[in-house]
Structure formats: C-alpha cells, structure tokens
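Please open the model in a viewer and keep a selection tool at hand. The tour below proceeds from one selection to the next.

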Amino acid sequence: MAFMLDALTSVLFAAPCRICGDLLDDARLLPICAGCFDAFQALAGPLCGRCGRPRVVAPSVTIVPAAGVTAHGASSVVPELPATDEVCCRQCPLGVYRFDRARSFASYNLPMRKAIILLKYMGVARLRAWFAERLERIYLADRALFPVDAIVPVPLYTLRLRERGYNQAERIARPLAKRLALPFLPLLLVRTRPRPEQLLLSRSERWNSVKGAYAATLGARAEKLCILLVDDVFTTGATLDACARALFAAGAASVYALTVARAIPLYSGADLSPAPAPVPGVSHIGRTKRVAVLA
Ligand SMILES: [Zn+2]
Ligand SMILES: [Zn+2]
C-alpha cells in the first residue's frame, strides 16, 4: 500500500522542483527537492525575547537605547518588555514594535522567497499545511511564550483579496488554528487602504504605508483577548505592528505573532554565540548591552 502511494505521488510530481528546477528523484507530496528544503534556514537561537530576531554577541559593540525614541516615530511610548529577563535586539528597547512577541520559522533567503511565491501566486496547497506545521512546532516548543485565545490572519485589502482570490496569511493561519484547536477569527481585522502601487518600498515607506492601515471590523471587539497574528513574511515588522495597534484599539489584552519567514539580511544560519547572562534587577530599557544584531 505504501509502495502504491509512493508510486502515485511520484506520478503526481514527476516534475521539476518548483524552487530550483532540478528533477525530483523520489516520491514527494510537495514539489520541492530535498536540497531546497535543506536550504531553508530555520532561525536559531539566541533570539531577541520580543521580536525573535537572531542575535550575535559582539563584545566590542555597545548599544545604549534612548527610551521614548522610536526608529519611525510611530510612538513615543515604550511598550512593556516581556516579563522574563530576556535580552533584546537593538530595535526592541527603542519601542519599535507594539506586539508582545514574534517568532518566525526561517530566514527569508532566496529558496524561502521562492517557496512564499509558490504559496502566494501558484496555490501549492500542501505548502500551506507544511508551513502551518512549522509554525505549530514553534508554538508547541514553548507554549508559555504564546498564551493565546484565538488566531487572526493579517488581512489583505479587499480589492487585492478579490484579485488574488485568497489571503495567503489566512491559508496558513486556518490549518494552524485547526491543529492547535484555537478559535480562528479571519474577519476580526480589515485592511482599510491598499499597499502603494510601487513594487519596492524603503523601510520608512513600509512603515508609513501601513500606519493606521488596519482596523477591527466595524462593531467587532477583541475585548481582553490574547491574539496570535499569523502572516507569511516579517519584513520590517511594520505590518504586524500596525495590526497589533488595531487589535489593542479593539480591546485585545496582548498580541503575539508567528510568520513563516523573516527578512534578516546576511543571516547565515550559523551557530550563534550564547547570549550574555542577564543582569539581575536591571531593566532592559536604557540598559547597556554588549549585543549586536546581524545587519
Ligand atoms: Zn530544489
Ligand atoms: Zn527584538
């Protein structure tokens, strides 16, 4: 029986790998070869306790964040950092992100970019389940990091949704909610204005383009709910930040986020040095750190 199934899937995918073009030499439920799967760079620790960015320790680098100053001017209020004494990246002590915590499966390298395109524009159905399973593993690896009540996908602008026919974030979030037996709330958030037409956006353009671009659906509330946002890619974090702000405005108690990929230029996936021991009794905010981040 197993042999027959293998034979069947061989026939189904007797085709090139959809990422690199090499012929698949064995039976696969996904049209991606082993080499391309191996090229996905899962994000390895130590990670920033808040945004999940991988860190490297560089003793010569000293970062003194200025409390109340943000990289993009979105807020002068520094959100509370996680209760645990985790060491953060350079961005988080500046109050850049409003969400409580974010984690991603892998670096947004070239093979992952192509995999996301497969998901986004070519509707490779099994890829959604595969990505959902990766996010489930992150969630289950430390459930205490994600005390959530419900799952919400990052919404697409209505017109974009009509053009594409589906929301790729929803296509990952729905099977994830099912696997975790959590309520799935795809209509809680809406995108109130479209992304700018231009293909490439600078970092500040990205932040400006999503500022205030999400809101709770008219009449919807997220009163005291702990929400898990799901999206395909964490590029600058601006989208997750804007969604988190909309959810908090709708009454959410906390907002967590999981994405399949995260853009981290120059990420090598190499083993990173251990994080420096936290200093007892010292707040993250305004603390001098001997931590540098990649890129
Ligand atoms: Zn391949
Ligand atoms: Zn961070």
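The stops that follow cover a sheet, the helices on it, and two helix pairs.

The model is predicted: local features need pLDDT of at least 70, side-chain atom pairs count only at pLDDT 80 or more, and totals for chains, interfaces and linings use all residues. Residues are numbered from 1 along each chain as its sequence is written, and chains are lettered from A and ligands numbered from 1 in the order in which they are written.

**The sheet**

Begin with the open sheet, in which four strands are arranged in the order β2-β7-β6-β3 with parallel pairing. Strands here are DSSP runs of E of at least two residues, helices are runs of H or I of at least four, and both are numbered from the N terminus; two strands pair if DSSP finds at least two bridges between them. Select 101-107 and 150-153 to display the edge strands, β2 and β3, each of which pairs on one side only. From one strand to the next, the twist averages 20°.

Next, add residues 254-262, strand β7, which runs parallel to β2 and is joined to it by six bridges. Within this pair, A106 is opposite A261 of β7.

**Helices on the sheet**

Select 168-180, helix α6, which packs on the sheet and touches β3, β6 (226-234) and β7. The direction of α6 makes about 135° with that of β6; angles run from 0 to 180 degrees between N-to-C directions, and axes are lines fitted to C-alpha atoms, for helices over the stretch in contact. Then select 238-249, helix α8, which touches β2, β6 and β7 and makes about 160° with the direction of β6.

**α4 against α6**

Keep α6 and add α4, residues 125-141. Which residues of α4 make the contact with α6? They are R128, A129, F131, A132, L135, E136 and Y139, facing R171, I172, P175, L176, R179 and L180 of α6; contact requires C-beta atoms, placed from the backbone, within 7 Å. By class, this contact has nine nonpolar, no polar and four charged residues. Nonpolar covers Ala, Val, Leu, Ile, Met, Phe, Trp, Tyr, Cys and Pro, charged covers Asp, Glu, Lys and Arg, and the others, Gly among them, are polar. The axes of α4 and α6 are 8 Å apart, at an angle of about 50°.

**α3 against α4**

Finally, select α3, residues 110-121, whose axis comes within 8 Å of that of α4 and crosses at roughly 125°. A115, L118 and L119 of α3 meet L127, R128 and F131 of α4. This contact comprises five nonpolar, no polar and one charged residue.

Methods
Two residues are in contact if their C-beta atoms, placed from the backbone, lie within 7 Å.
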